[in-house]
Amino acid sequence: MKKEDGIMSQNIISQMIYENRRRLKLSQKELGDRLGVSNRAVSKWERGYSYPDTSLLLPIAKKFDVTLDELFGRTDDRQINKQRPSGV
């Protein structure tokens, strides 16, 4: 992975966390409390200074009612999966 790819992914995750937290009208403290982390950790994620721990990715996605693909900015995957026949 190129350095630019890592920065892009982190920026997408940061943006998704920020936008979804705001959509749910949660403060950074409220989201942090629900995930068992500090508001400072949430702030770092949103500003792109760090990633959430991998063990938190699924709880974050569930809290926001998005898939992990969507959390990583891959919105087209959800549409493709819905169009596949069952059993494929």
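This passage goes through the salt bridges found in a predicted model.

Three salt bridges turn up in the structure. One of them pairs Glu46 with Arg21, and here the closest N and O atoms sit 2.5 Å apart. Glu46 belongs to helix α3 (residues 39–47) while Arg21 belongs to helix α1 (residues 3–23), so this contact ties together parts that are 25 residues apart in sequence. As for solvent exposure, Glu46 comes out at 13% relative accessibility and therefore counts as buried, the cut-off being under 20%. Arg21 is buried too, with a relative accessibility of 7%. In short, the bridge between Glu46 and Arg21 has a buried residue on the α3 side and a buried residue on the α1 side.

Next comes a pairing inside a single helix. The side chains of Lys29 and Asp33 meet in a salt bridge, with 3.0 Å from N to O. Both residues lie in helix α2 (residues 28–35), and they are four residues apart, which is about one turn of the helix.

That leaves Asp69 and Arg74, which also form a salt bridge; the closest N and O atoms are 3.9 Å apart, and the pair still makes the list because the criterion asks for a nitrogen within 4 Å of a carboxyl oxygen. Asp69 has 27% relative accessibility, so it is classed as partly exposed. Arg74, at a relative accessible area of 48%, is partly exposed as well; the exposed class takes in values over 50%.

Terms used:
Residues numbered from 1 in each chain as written. Predicted model: local features only at pLDDT ≥ 70, side-chain atom pairs only at ≥ 80, totals over all residues. Heavy atoms only, no water. Helix = DSSP H or I, 4+ residues; strand = E, 2+ residues; numbered from the N terminus. Buried < 20%, exposed > 50% of the residue type's maximum accessible area, 1.4 Å probe, protein only.
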